[in-house]
Amino acid sequence: MTETAQDQENDGIRQTQTYGVQMLTEDIYVNCYWSQLERAVTQLLAQEPGVFIRLSYEQMYSCVYKCVCHQYSERMYGDLRRVLTGYLQEKAVYLQVLQQMCNSSEFCKRFHTVLKQYTQALGGIVPIFTFLNRFYITQKLGMELRPELEKLFIQHLQTHIFKVLGMLHEAQAKPFSVDPSIASDIIHGLYEIKQDYAELNPGLFAKYIPSILPPCNVENLSDYIAETHQMQTQLLSQEDFNRDNQSQKKRSNDAEAVVS
């Protein structure tokens, strides 16, 4: 907390102490406590995937604790949802614009960044609001904070989720058209948010997540062999795959000629 904010909080508290009982006014909540929390949440949402900002979590816990103790839990939870909703609405518009401009590979890459950025931010946001979760969201609402914030992602980006799943499905017929590591991250990330997505395309999710499909049976062995042959045929039909293969074969033949 800056010195100015600290002075403002102290002045406000002194003015609202009556017979030894400390009151928390709307003005103190907004300007002294929520302003700090909103700034921290915004910073966490803005950090790039894999980059972690320095934050005084102890100070943030203290803000949340004081607000909960002074009956501002409902207000604070609403404010938190409002900030995340605004952020996700902006990302929805961003992805909508990209969809008109980018090919499937680039769109998947950008969606992957949005997904990783949000889930990484939740890794910092949820711990900050632990006290709110324990004594308001869990006890009074019968819910948990992180799943509720993940539902916001689904609510505002559902259209784009379906779009990227369709792109990944089509990419199966064109190996390496989408970076495999990006495809894997997207599938794992969406599965963690909502496992029901696997029911939309079990075959796609099974390529990245074990145990999605039923265990293999001897009776289905011929189907597995046919699927393997189909995948090999698709790989051989790729120009880049054949070029690399022919290049390796040529190098091998040259090496044999030198030895002989």
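Let's start with S73: at 8% relative accessibility, this serine counts as buried. The model here is a predicted one, and S73 makes a handy way in, since the residue belongs to helix α4 and touches residues of helix α6, L132 and Y136 among them. From there we can look at the chain as a whole, then at a helix pair, a one-sided helix and a few single residues.

**The chain at a glance**

- The chain's secondary structure adds up to twelve helices and two strands.
- Reading from the N terminus, the order of elements is α-β-β-α-α-α-α-α-α-α-α-α-α-α.
- The chain has 260 residues, and 35% of them count as buried.
- Take the contacts between residues at least 6 apart in sequence: 71% of these link residues at least 24 apart.

**Around S73**

- Setting aside neighbours within four places in sequence, the contacts of S73 are C67, V68, L132 and Y136.
- Two of those partners, L132 and Y136, are themselves buried residues of helix α6.

**Helix α6 and its buried face**

- Helix α6 covers residues 130-137, and its buried residues are L132, N133, Y136 and I137.
- Why do the buried residues of α6 line one face of the helix? Looking down the axis of α6, they fall within an arc of 105°, so they share one face.
- The cover over these buried residues includes α3 (57-69), α4 and α7 (145-171).

**Where α2 meets α4**

- Helix α2 takes in residues 26-46 and helix α4 residues 73-101; their axes come within 11 Å and cross at roughly 35°.
- The crossing of α2 past α4 is right-handed.
- On the α2 side, the residues that meet α4 are E26, Y29, V30, W34, L37, E38, V41, T42 and L45.
- On the α4 side, their counterparts are R75, M76, D79, L80, R82, V83, L84 and Y87.
- What kinds of residue make up this contact of α2 with α4? The split is eleven nonpolar, one polar and five charged.

**Two more residues of α2**

- Q36 is another residue of helix α2, and its relative accessibility of 4% is under the 20% cut-off, so Q36 counts as buried.
- The side chain of Q36 has a polar contact of 2.4 Å with the side chain of Q59.
- C32 also sits in helix α2, and this cysteine is buried, with a relative accessible area of 1%.
- How far apart in space are C32 and C63? From C-alpha to C-alpha the distance is 8.6 Å, while in sequence they are 31 residues apart.

**Two loop residues with positive phi**

- Q71 isn't a glycine, yet it has a positive phi of about 65°.
- You'll find Q71 in the loop between α3 and α4.
- Is Q71 buried or exposed? Its relative accessible area is 65%, over the 50% cut-off, so Q71 is exposed.
- S211 isn't a glycine either, and its phi is positive too, at about 70°.
- Look for S211 in the loop between α10 (202-206) and α11 (221-236).
- With 72% relative accessibility, S211 counts as exposed.

Methods:
Residues are numbered from 1 along each chain as its sequence is written. This is a predicted model: local features need pLDDT of at least 70, side-chain atom pairs count only at pLDDT 80 or more; totals for chains, interfaces and linings use all residues. Side-chain values use heavy atoms; hydrogens and water are left out. Axes are lines fitted to C-alpha atoms, for helices over the stretch in contact, and angles run from 0 to 180 degrees between N-to-C directions. Helices (H or I, at least four residues) and strands (E, at least two) are DSSP runs, numbered from the N terminus. A crossing is left-handed if the near helix is turned anticlockwise from the far one by less than a right angle, and right-handed if clockwise. Contact means heavy atoms within 4.5 Å. Ala, Val, Leu, Ile, Met, Phe, Trp, Tyr, Cys and Pro count as nonpolar, Asp, Glu, Lys and Arg as charged, and the others, Gly among them, as polar. Buried means under 20% relative accessible area, exposed over 50%, partly exposed in between (1.4 Å probe, protein chains only). The arc is that of the directions from the helix axis to the C-beta atoms. A polar contact is a pair of N or O atoms within 3.5 Å; within protein, one must be able to donate a hydrogen and the other to accept it, and residues adjacent in sequence count only if both atoms are side-chain atoms.
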